Amino acid sequence: MSRIQPTFATLKAQGRKALIPFVTAGFPYADITPDLMHAMVTAGADIIELGVPFSDPMADGPVIQKAGEKALKLGIGTREVLDMVRAFRSKDNSTPVVLMGYANPVERYDIKHGAGPTESAFIRDAAQAGVDGVLIVDYPPEECVEFAARLRAHNMDLIFLLAPTSTSARMAQVAQLASGYVYYVSLKGVTGAGTLDVGAVEAMLPRIRQHVNVPVGVGFGIRDAATAKAISKVADAVVIGSKIIQLIENQPRDKVASVAHDFLKEIRMALD
(Lines give C-alpha, C1' and ligand atoms only; values in the text may rest on other atoms or scores of the structure.)
Protein backbone atom coordinates (compact mmCIF):
# COMPACT_ATOMS: atom_id res chain seq x y z
CA MET A 1 0.00 0.00 0.00
CA SER A 2 1.21 3.49 -0.85
CA ARG A 3 0.63 6.60 1.24
CA ILE A 4 -2.33 7.53 -0.98
CA GLN A 5 -4.99 5.18 0.41
CA PRO A 6 -4.43 6.11 4.09
CA THR A 7 -4.51 9.79 3.13
CA PHE A 8 -7.93 9.47 1.51
CA ALA A 9 -9.19 7.30 4.37
CA THR A 10 -8.18 9.93 6.93
CA LEU A 11 -9.78 12.73 4.93
CA LYS A 12 -13.00 10.73 4.52
CA ALA A 13 -13.17 10.11 8.26
CA GLN A 14 -12.80 13.87 8.78
CA GLY A 15 -15.43 14.72 6.17
CA ARG A 16 -12.86 16.59 4.10
CA LYS A 17 -11.72 16.52 0.49
CA ALA A 18 -8.20 16.16 -0.87
CA LEU A 19 -6.35 19.14 -2.29
CA ILE A 20 -3.88 18.02 -4.97
CA PRO A 21 -1.63 20.72 -6.47
CA PHE A 22 0.39 20.03 -9.61
CA VAL A 23 3.72 21.69 -10.31
CA THR A 24 6.32 21.02 -12.98
CA ALA A 25 9.52 19.68 -11.44
CA GLY A 26 12.39 22.15 -11.78
CA PHE A 27 10.18 25.15 -12.55
CA PRO A 28 10.69 28.07 -12.37
CA TYR A 29 14.13 27.37 -10.83
CA ALA A 30 16.05 24.11 -11.05
CA ASP A 31 16.50 23.80 -7.29
CA ILE A 32 13.15 25.17 -6.08
CA THR A 33 10.94 22.09 -6.14
CA PRO A 34 11.51 20.50 -2.70
CA ASP A 35 11.02 23.87 -0.97
CA LEU A 36 7.90 24.48 -3.07
CA MET A 37 6.51 21.07 -2.17
CA HIS A 38 6.99 21.70 1.56
CA ALA A 39 5.28 25.09 1.27
CA MET A 40 2.29 23.52 -0.47
CA VAL A 41 1.96 20.89 2.27
CA THR A 42 2.08 23.62 4.90
CA ALA A 43 -0.74 25.38 3.04
CA GLY A 44 -2.91 22.26 3.20
CA ALA A 45 -2.01 20.13 0.19
CA ASP A 46 -2.80 16.47 0.81
CA ILE A 47 -1.10 14.91 -2.23
CA ILE A 48 1.40 16.48 -4.63
CA GLU A 49 1.49 15.79 -8.35
CA LEU A 50 4.92 16.44 -9.79
CA GLY A 51 5.19 16.90 -13.54
CA VAL A 52 8.13 15.19 -15.23
CA PRO A 53 9.32 17.58 -17.99
CA PHE A 54 8.91 16.24 -21.53
CA SER A 55 9.43 17.83 -24.93
CA ASP A 56 6.08 16.76 -26.43
CA PRO A 57 3.42 16.89 -23.70
CA MET A 58 0.23 16.16 -25.65
CA ALA A 59 -2.23 16.75 -22.80
CA ASP A 60 -0.73 20.00 -21.55
CA GLY A 61 -1.81 23.47 -22.54
CA PRO A 62 0.55 26.37 -23.21
CA VAL A 63 1.14 27.25 -19.55
CA ILE A 64 2.42 23.82 -18.50
CA GLN A 65 4.14 23.25 -21.86
CA LYS A 66 6.14 26.43 -21.30
CA ALA A 67 7.02 25.36 -17.76
CA GLY A 68 8.23 22.00 -19.04
CA GLU A 69 10.34 23.62 -21.74
CA LYS A 70 12.03 25.87 -19.19
CA ALA A 71 12.70 22.95 -16.85
CA LEU A 72 14.25 20.97 -19.70
CA LYS A 73 16.52 23.90 -20.53
CA LEU A 74 17.57 23.94 -16.88
CA GLY A 75 18.66 20.31 -17.23
CA ILE A 76 15.77 18.64 -15.45
CA GLY A 77 15.15 15.03 -16.47
CA THR A 78 13.67 11.98 -14.79
CA ARG A 79 16.77 11.32 -12.66
CA GLU A 80 16.70 14.91 -11.34
CA VAL A 81 12.97 14.60 -10.57
CA LEU A 82 13.60 11.48 -8.49
CA ASP A 83 16.37 13.34 -6.64
CA MET A 84 13.83 16.07 -5.82
CA VAL A 85 11.47 13.49 -4.33
CA ARG A 86 14.32 12.09 -2.24
CA ALA A 87 15.11 15.58 -0.97
CA PHE A 88 11.45 16.14 -0.09
CA ARG A 89 11.31 12.78 1.71
CA SER A 90 14.23 13.76 3.94
CA LYS A 91 11.80 16.06 5.79
CA ASP A 92 8.35 14.69 4.88
CA ASN A 93 7.70 10.97 4.96
CA SER A 94 3.90 11.14 4.98
CA THR A 95 2.63 13.30 2.10
CA PRO A 96 1.97 11.21 -1.03
CA VAL A 97 3.84 12.19 -4.20
CA VAL A 98 2.56 11.27 -7.67
CA LEU A 99 4.69 11.61 -10.79
CA MET A 100 2.71 12.75 -13.81
CA GLY A 101 4.23 12.44 -17.25
CA TYR A 102 4.57 10.51 -20.48
CA ALA A 103 5.77 7.13 -21.70
CA ASN A 104 8.89 8.30 -23.51
CA PRO A 105 10.87 9.50 -20.45
CA VAL A 106 9.92 6.36 -18.51
CA GLU A 107 11.01 4.02 -21.26
CA ARG A 108 14.17 6.00 -21.94
CA TYR A 109 15.03 5.85 -18.24
CA ASP A 110 14.65 2.08 -18.30
CA ILE A 111 16.98 1.82 -21.32
CA LYS A 112 19.61 4.08 -19.76
CA HIS A 113 19.54 2.64 -16.26
CA GLY A 114 19.23 -1.08 -16.73
CA ALA A 115 15.77 -2.50 -17.19
CA GLY A 116 15.62 -6.28 -17.40
CA PRO A 117 12.82 -8.46 -18.73
CA THR A 118 11.24 -8.72 -15.28
CA GLU A 119 12.07 -5.31 -13.84
CA SER A 120 11.83 -1.61 -14.53
CA ALA A 121 14.65 0.69 -13.49
CA PHE A 122 12.16 3.56 -13.35
CA ILE A 123 9.84 1.70 -10.98
CA ARG A 124 12.74 0.49 -8.84
CA ASP A 125 14.27 3.95 -8.50
CA ALA A 126 10.93 5.75 -8.07
CA ALA A 127 10.05 3.43 -5.20
CA GLN A 128 13.45 3.98 -3.58
CA ALA A 129 13.01 7.76 -3.92
CA GLY A 130 9.64 7.68 -2.14
CA VAL A 131 7.15 8.02 -5.00
CA ASP A 132 3.61 6.79 -4.25
CA GLY A 133 1.90 6.86 -7.62
CA VAL A 134 2.48 7.30 -11.32
CA LEU A 135 0.19 8.81 -13.95
CA ILE A 136 1.42 8.19 -17.49
CA VAL A 137 -0.84 10.15 -19.82
CA ASP A 138 -0.20 8.03 -22.92
CA TYR A 139 -0.32 4.57 -21.30
CA PRO A 140 -3.80 3.18 -22.06
CA PRO A 141 -5.05 0.52 -19.63
CA GLU A 142 -4.99 -2.29 -22.18
CA GLU A 143 -1.23 -1.81 -22.61
CA CYS A 144 -0.08 -1.55 -19.01
CA VAL A 145 -1.33 -4.59 -17.09
CA GLU A 146 2.26 -5.64 -16.38
CA PHE A 147 3.32 -2.06 -15.56
CA ALA A 148 0.49 -1.81 -13.00
CA ALA A 149 1.48 -5.13 -11.41
CA ARG A 150 5.12 -4.05 -11.11
CA LEU A 151 4.09 -0.77 -9.50
CA ARG A 152 1.88 -2.56 -6.99
CA ALA A 153 4.75 -4.89 -6.14
CA HIS A 154 6.69 -1.76 -5.13
CA ASN A 155 3.76 -0.25 -3.17
CA MET A 156 2.97 2.34 -5.83
CA ASP A 157 -0.32 3.14 -7.52
CA LEU A 158 -1.11 3.50 -11.21
CA ILE A 159 -3.42 6.46 -11.74
CA PHE A 160 -5.47 6.94 -14.89
CA LEU A 161 -7.16 9.83 -16.60
CA LEU A 162 -10.85 9.72 -17.49
CA ALA A 163 -12.49 12.34 -19.70
CA PRO A 164 -15.98 13.58 -20.65
CA THR A 165 -15.68 11.37 -23.73
CA SER A 166 -14.79 8.18 -21.79
CA THR A 167 -17.19 5.33 -22.48
CA SER A 168 -18.53 2.89 -19.92
CA ALA A 169 -16.29 0.23 -21.46
CA ARG A 170 -13.22 2.44 -20.97
CA MET A 171 -14.19 3.16 -17.37
CA ALA A 172 -14.53 -0.57 -16.72
CA GLN A 173 -11.06 -1.16 -18.20
CA VAL A 174 -9.57 1.55 -16.00
CA ALA A 175 -11.33 0.16 -12.93
CA GLN A 176 -9.53 -3.18 -13.33
CA LEU A 177 -6.10 -1.57 -12.97
CA ALA A 178 -6.49 1.79 -11.23
CA SER A 179 -5.43 2.25 -7.64
CA GLY A 180 -4.92 5.30 -5.45
CA TYR A 181 -7.39 7.49 -7.31
CA VAL A 182 -8.54 8.31 -10.82
CA TYR A 183 -8.18 11.76 -12.32
CA TYR A 184 -11.26 13.02 -14.14
CA VAL A 185 -10.31 15.57 -16.79
CA SER A 186 -13.28 17.91 -16.54
CA LEU A 187 -12.80 19.59 -19.92
CA LYS A 188 -12.36 18.44 -23.48
CA GLY A 189 -8.93 19.70 -24.48
CA VAL A 190 -5.63 20.42 -22.78
CA THR A 191 -4.75 21.70 -19.32
CA GLY A 192 -5.84 25.24 -18.58
CA ALA A 193 -8.30 25.34 -21.50
CA GLY A 194 -11.90 26.48 -21.38
CA THR A 195 -14.34 27.23 -18.59
CA LEU A 196 -15.31 24.52 -16.15
CA ASP A 197 -18.95 23.35 -16.28
CA VAL A 198 -19.67 22.27 -12.72
CA GLY A 199 -23.05 20.84 -13.70
CA ALA A 200 -21.45 18.58 -16.29
CA VAL A 201 -18.98 17.30 -13.69
CA GLU A 202 -21.82 16.62 -11.26
CA ALA A 203 -23.59 14.58 -13.93
CA MET A 204 -20.49 12.59 -14.89
CA LEU A 205 -19.17 11.52 -11.49
CA PRO A 206 -22.01 9.09 -10.66
CA ARG A 207 -21.32 7.34 -13.99
CA ILE A 208 -17.65 7.02 -13.11
CA ARG A 209 -18.43 5.68 -9.65
CA GLN A 210 -20.61 2.95 -11.12
CA HIS A 211 -17.39 1.43 -12.43
CA VAL A 212 -14.52 2.80 -10.31
CA ASN A 213 -14.21 2.06 -6.60
CA VAL A 214 -11.23 4.32 -5.87
CA PRO A 215 -11.51 8.06 -5.08
CA VAL A 216 -12.16 10.44 -7.98
CA GLY A 217 -10.16 13.65 -8.33
CA VAL A 218 -11.23 16.39 -10.72
CA GLY A 219 -8.88 18.74 -12.52
CA PHE A 220 -8.33 20.87 -15.67
CA GLY A 221 -10.03 24.27 -15.39
CA ILE A 222 -10.07 24.77 -11.60
CA ARG A 223 -8.55 28.17 -11.06
CA ASP A 224 -10.08 29.71 -7.93
CA ALA A 225 -11.54 28.98 -4.51
CA ALA A 226 -15.18 29.21 -5.60
CA THR A 227 -14.81 26.64 -8.37
CA ALA A 228 -12.73 24.36 -6.15
CA LYS A 229 -15.42 24.46 -3.46
CA ALA A 230 -18.17 23.66 -5.97
CA ILE A 231 -16.24 20.71 -7.39
CA SER A 232 -15.37 19.40 -3.91
CA LYS A 233 -19.07 18.87 -3.20
CA VAL A 234 -19.15 16.03 -5.74
CA ALA A 235 -15.50 14.93 -6.09
CA ASP A 236 -13.13 13.29 -3.61
CA ALA A 237 -10.24 15.54 -4.61
CA VAL A 238 -9.57 18.82 -6.40
CA VAL A 239 -6.52 19.05 -8.66
CA ILE A 240 -5.03 22.46 -9.54
CA GLY A 241 -2.06 22.95 -11.83
CA SER A 242 -2.03 25.65 -14.51
CA LYS A 243 -3.05 28.44 -12.14
CA ILE A 244 -0.18 27.65 -9.76
CA ILE A 245 2.29 27.59 -12.64
CA GLN A 246 1.03 31.00 -13.80
CA LEU A 247 1.33 32.48 -10.32
CA ILE A 248 4.93 31.37 -9.74
CA GLU A 249 6.23 31.79 -13.29
CA ASN A 250 7.75 35.26 -12.93
CA GLN A 251 8.40 35.34 -9.20
CA PRO A 252 11.89 35.86 -7.78
CA ARG A 253 13.22 32.69 -6.23
CA ASP A 254 12.58 33.78 -2.64
CA LYS A 255 8.88 34.47 -3.38
CA VAL A 256 7.92 31.29 -5.27
CA ALA A 257 7.09 29.14 -2.26
CA SER A 258 5.17 31.85 -0.41
CA VAL A 259 3.07 32.77 -3.46
CA ALA A 260 2.06 29.14 -3.99
CA HIS A 261 1.43 28.72 -0.26
CA ASP A 262 -0.88 31.72 -0.03
CA PHE A 263 -2.92 30.67 -3.07
CA LEU A 264 -3.34 27.09 -1.86
CA LYS A 265 -4.21 28.17 1.67
CA GLU A 266 -7.15 30.12 0.24
CA ILE A 267 -8.26 27.03 -1.68
CA ARG A 268 -7.88 24.85 1.43
CA MET A 269 -10.04 27.21 3.48
CA ALA A 270 -12.73 27.12 0.80
CA LEU A 271 -12.69 23.31 0.67
CA ASP A 272 -13.00 23.08 4.47
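## Exercises on a predicted model

**Exercise 1.** In this predicted model, find which residues of helix α8 (residues 168–177) are buried, and work out why they line one face of the helix.

*Solution.* Start with the burial values: Met-171, Val-174 and Leu-177 are the buried residues in α8. Now look down the axis of α8: these buried residues fall within an arc of 125°, so they line one face of the helix. Next, turn to the other side of α8, where Ala-169 and Gln-176 are exposed. Finally, ask what the buried residues pack against: their partners are the helices α7 (145–153) and α9 (198–211), together with the strands β5 (157–158), β6 (161–162) and β7 (182–185).

**Exercise 2.** Describe the largest nonpolar core and name the helix that gives the most to it.

*Solution.* This core has 93 residues. Those with the most contacts inside it are Leu-99, Phe-147, Val-182, Tyr-184 and Ile-208. Helix α12 (residues 253–271) gives the most, with seven residues. Let's take Phe-147 and set aside its neighbours within four places in sequence: Phe-147 then touches Val-106, Phe-122, Ile-123, Val-134, Ile-136, Tyr-139 and Leu-158, counting heavy atoms within 4.5 Å.

**Exercise 3.** Explain why the protein counts as being as compact as a globular protein of its length.

*Solution.* First, list the elements: twelve helices and nine strands. The radius of gyration is 17 Å, close to the 19 Å that the globule rule gives for 272 residues, so the protein is as compact as a globular protein of that length. To round off the picture, buried residues make up 54% of the 272. Among contacts between residues at least 6 apart in sequence, 73% join residues at least 24 apart.

Notes. Residues are numbered from 1 along each chain as its sequence is written. This is a predicted model: local features need pLDDT of at least 70, side-chain atom pairs count only at pLDDT 80 or more; totals for chains, interfaces and linings use all residues. Side-chain values use heavy atoms; hydrogens and water are left out. A nonpolar core is a set of buried Ala, Val, Leu, Ile, Met, Phe, Trp, Tyr and Cys residues joined through side-chain atoms within 4.5 Å. Buried means under 20% relative accessible area, exposed over 50%, partly exposed in between (1.4 Å probe, protein chains only). Helices (H or I, at least four residues) and strands (E, at least two) are DSSP runs, numbered from the N terminus. The arc is that of the directions from the helix axis to the C-beta atoms. The radius of gyration is taken over C-alpha atoms; the globule rule is 2.2 Å times the number of residues to the power 0.38.
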